[in-house]
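Open the model in your viewer and keep the selection panel at hand. The tour goes one selection at a time.

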Amino acid sequence: MRPNYPFNCWYVAATSDEVGAGPLGRRLLGMPVVLYRSGSGDVVAMADRCVHRAYPLSEGWLEGDRIVCGYHGFAYDTDGHCVHVPSQENVPIGARVRTFPVIEQAPFVWIWLGQPGAAALRTPPPTPWLTDTGWSSSGERLRVEANYLLLHEHYLDLTNVFAMHAAHMPPGIDRLPYLDEVEVSEMSVGYTRALPPAPLADWEAEATGLPRDRDYHRREQGTFVSPALHVQRWAIDTEDAGCFEQLRIHGFTPESPTSTHVFLQIAHGYATDRVLVSDHLRRFFIDMTRRDAAVLEVVQRQLSEEGEPRRDINVKADRAGVRARRVAQAMVAEEAGRPTLRSIPTAGG
Amino acid sequence: MRPNYPFNCWYVAATSDEVGAGPLGRRLLGMPVVLYRSGSGDVVAMADRCVHRAYPLSEGWLEGDRIVCGYHGFAYDTDGHCVHVPSQENVPIGARVRTFPVIEQAPFVWIWLGQPGAAALRTPPPTPWLTDTGWSSSGERLRVEANYLLLHEHYLDLTNVFAMHAAHMPPGIDRLPYLDEVEVSEMSVGYTRALPPAPLADWEAEATGLPRDRDYHRREQGTFVSPALHVQRWAIDTEDAGCFEQLRIHGFTPESPTSTHVFLQIAHGYATDRVLVSDHLRRFFIDMTRRDAAVLEVVQRQLSEEGEPRRDINVKADRAGVRARRVAQAMVAEEAGRPTLRSIPTAGG
Amino acid sequence: MRPNYPFNCWYVAATSDEVGAGPLGRRLLGMPVVLYRSGSGDVVAMADRCVHRAYPLSEGWLEGDRIVCGYHGFAYDTDGHCVHVPSQENVPIGARVRTFPVIEQAPFVWIWLGQPGAAALRTPPPTPWLTDTGWSSSGERLRVEANYLLLHEHYLDLTNVFAMHAAHMPPGIDRLPYLDEVEVSEMSVGYTRALPPAPLADWEAEATGLPRDRDYHRREQGTFVSPALHVQRWAIDTEDAGCFEQLRIHGFTPESPTSTHVFLQIAHGYATDRVLVSDHLRRFFIDMTRRDAAVLEVVQRQLSEEGEPRRDINVKADRAGVRARRVAQAMVAEEAGRPTLRSIPTAGG
């Protein structure tokens, strides 16, 4: 069955610090890919399979800008051309592995695994909070045995927090207001929600250092930026000290139809020079993400067993998640050459 | 492929002591089921899957008589109706999980997983030896990676004891007499066999305390009560001290086509107040059952590899097992709406 | 899918010392086989499955020349006839398991798993270096999770040594000359190669005790004797002390389409009475084989994922391996009754 992720989309392949002196093998969208850094510092990405025998290039080594197969020593340049076969004078005609366009926007290395010509038509989404001076960020990579859309849906509906992470909600709030608005564009879905005033949860107090004897307004925003990226914003408003913003940036890259690489970055827009704040928030959100992952892996096992079609009943809180799923489905359908709802004009449209 | 177990049959879901304060998740006939005890003490059984997302209710918790999903907090009453969705005012129409009829006959909790209307037409088989004062019983649950019919066939033909458990047969007996009689009714198959007089085996002497210096008559009876229950009786007759009976009661509940929950109870109809006798018999038969299970798991692996049709040659000792298999096959065929041998009148019938 | 190994071929089933007092169960060409030694010392091989229930005879025991099933005690003679069923007087008509022709040429026990009548038309290949007084040999069995042809191809193209085992090539040689010649007969493929003069590698010096201060000529030969056997010869020529020959003899017996039993024997044609030399060579080559196996298992996993057809590009060094693959394919096609290239007369043929 065709996977439910689009290929014509920029995905996070790795974080910058993962791609270094040696080759890094990683399965992305079901394909084995090898990543390495050439002498110029550029990241090179190619199919992780020697043209000669089915051995991964990532099991080999680098010689300058070339990657050498660990089986018979076939060497490839950064364009994927085989340039040396140790056992003979010449290189066989057509001996080339597929390379993939890469754009590094630290700390993310973005990759285009779709139709070769189409890469230039799009760019990776901007992630200013990971680089701008007004922000401090750090993160971690996790591998989750669940389809990438389960992750998107999970984070586009925060109402699970009361069952899963009740202690981390502001005291007195035991139910989230309905979403204020859900905005849908061609590839993205975003929502916002305002929370009623409430005192600080422990993690908020520890991170912000704000006084605990008063109530604060909060805004929550979630954005399905693309099938590859989800951003969640949690803003605590104060009257005198400005706004305290925390961001969870999730690079979701399908490894297979039932597993996903999660590139999690936690950013905060205050106390950017305080390592303790960064450490606290990173630990707090990574721990939360691990528990989220455990639940989603159970859901995935159950869905894999049930097979299609899905038997879920949606509720109001799923508004954003359902729209995101439709966006992804439309992208997949377009790649498969099927007509989609988006391409059919309607009276109401 | 359709499994070879009927659904319209009462099966053991759990033992009474397994169903307590928290939800118990268990796969029965290939379906995830959650069991819990309501405030009235009744056992509730329902599909172990929230209607919203594919998360098992058994991962959640109880609030009074309600079971709450651990993902988004959806709550269900004992009828399987969703009665609370924390993120909104109302409950979606039609949000209900399937419930299953349950009858508790301690120590067994029986469940009906078949056609809903048909449950009332049948009752779980009586198991007086597990409750009557003339008997003492105790047991254990095992999970065996083998089809439930392999277990039935195994226990309906005790001639394996000489190869598998030779030390436990009465001294001097190295071959079992042919079955005296095999009785077949619509759903059950039973046989009896009388053994020639012989001294006590060690386990018999230890359990009964009878003198070892004489020979005893024994009767063995095996009954396929239904696809869900097998009962084996081992009776030692004495001239002066009455009859010493041991029973193995096997609840066989398919977990999947290749695995079975075995609810084993050992009952004895003498020395019912002597814990040492109960302990001895339970240990003895559980150990035997574990060795039986190991053999059947090897057989299952081999059969799974061979695929259908089965290439077995039956012998006389398989008389009862073969009839039991036919009973089960006929029940499965009826559920599938296929004509069966039972429904076709024959000249000889 | 039909496996890619022929059945009409003698394969190594075991080494002589593996077949002793008890039954040995082993999967060969996808079939469960039991091997044991009768009172006369002959090796008996039969299908490892009782006719009654799907239990392996290898889980049972021997009583004289008979093998007894560990489940219900059915006994079989060396012809595979069931000769005793403990629970009844007679044996069911037709109760017989298939036996397989076996020829022992120590240390190998060869088996014929193909068309029964055809065994006599062929003989196992001679392996004089394993028995003749001019040679000393010893070995080990490995199980490799890779198709048997991957192993053949691997050892028919030694050019991987520079990437995989560079330290073990003679100093100064960083590339193997092209094959001198590739000879193909109906079932076998052989090649030879002469190496330019070079000093000794460490392992050669340690094994031969030859002086290290001079250059030596070497000849390498590889032979695909049949789908079941590969022989590799490494000869170091001296002017005054004769020729120092090392042989790797590989019995490759498919266990399944993706796994292979490797019966490795290392023989040397000098210092045949020196145990230290034998030990050194055995350890050296077993270690090398283990590293080869690890690579081939990665290749197999990748191929299993890619599915057919293979996307490999062959180079000159694959000459012998490609021919061997064709020989095997032709044998398989003949067994399937398909016309092969060999059976079609050509103008050039």
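The stops below go from whole chains to one helix and then to a single residue.

**Stop 1: the chains.** This is a predicted model. Select chain A and chain C. Turning chain A by 120°, with 0.2 Å of shift along the axis, superposes it on chain C with an RMSD of 0.0 Å. The two copies are thus related as by a three-fold rotation axis. Next, take chain C and chain B. Here too a rotation of 120° superposes chain C on chain B, with 0.1 Å of shift and an RMSD of 0.0 Å. To find the part of chain C that comes nearest this axis, select C:M1, whose C-alpha is 12 Å from it. For the rotation that takes chain A onto chain C, select A:M1: of the residues of chain A, A:M1 comes closest to the axis, at 12 Å by its C-alpha.

**Stop 2: where chain C meets chain B.** Show both chains and look at the contact. Chain C gives 19 residues to the contact and chain B gives 18. Colour the side of chain C by class: ten of its residues are nonpolar, six are polar and three are charged.

**Stop 3: helix α4 of chain C.** Select residues 275–306 of chain C, which form helix α4. How far apart should the ends of its 32 residues be? At 1.5 Å a residue, the expected span is 46 Å, and the end C-alpha atoms are indeed 46 Å apart.

Now pick out the buried residues of this helix, among them C:L281, C:F285, C:T289, C:D292 and C:L296. An α-helix has 3.6 residues a turn, so residues three or four places apart point the same way. What do the buried residues of α4 in chain C pack against? Their partners include the helices α1 (148–155), α2 (161–164) and α3 (202–208), and the strands β11 (136–144), β16 (243–256) and β17 (259–268). Move just past the end of α4 to C:G307, which takes a positive phi of about 75°.

**Stop 4: C:T208.** Select C:T208, which lies in helix α3 of chain C. Is C:T208 buried or partly exposed? It has 19 other C-beta atoms within 10 Å, so it counts as partly exposed; a buried residue would need 20 or more. Leaving aside residues up to four places away in sequence, C:T208 touches C:I236, C:F244 and C:Y270. Finish with C:I236: it is 28 residues from C:T208 along the chain, yet their C-alpha atoms are separated by 9.2 Å.

Conventions: Residues are numbered from 1 along each chain as its sequence is written. Chains are lettered from A and ligands numbered from 1 in the order in which they are written. This is a predicted model: local features need pLDDT of at least 70, side-chain atom pairs count only at pLDDT 80 or more; totals for chains, interfaces and linings use all residues. Two residues are in contact if their C-beta atoms, placed from the backbone, lie within 7 Å. Ala, Val, Leu, Ile, Met, Phe, Trp, Tyr, Cys and Pro count as nonpolar, Asp, Glu, Lys and Arg as charged, and the others, Gly among them, as polar. Copies are superposed by least squares on the C-alpha atoms of residues with pLDDT of at least 70 in both. Helices (H or I, at least four residues) and strands (E, at least two) are DSSP runs, numbered from the N terminus. The expected span of a helix is 1.5 Å times one less than its number of residues. A residue is buried if 20 or more other C-beta atoms lie within 10 Å of its own, exposed if 12 or fewer, and partly exposed in between; C-beta atoms are placed from the backbone.
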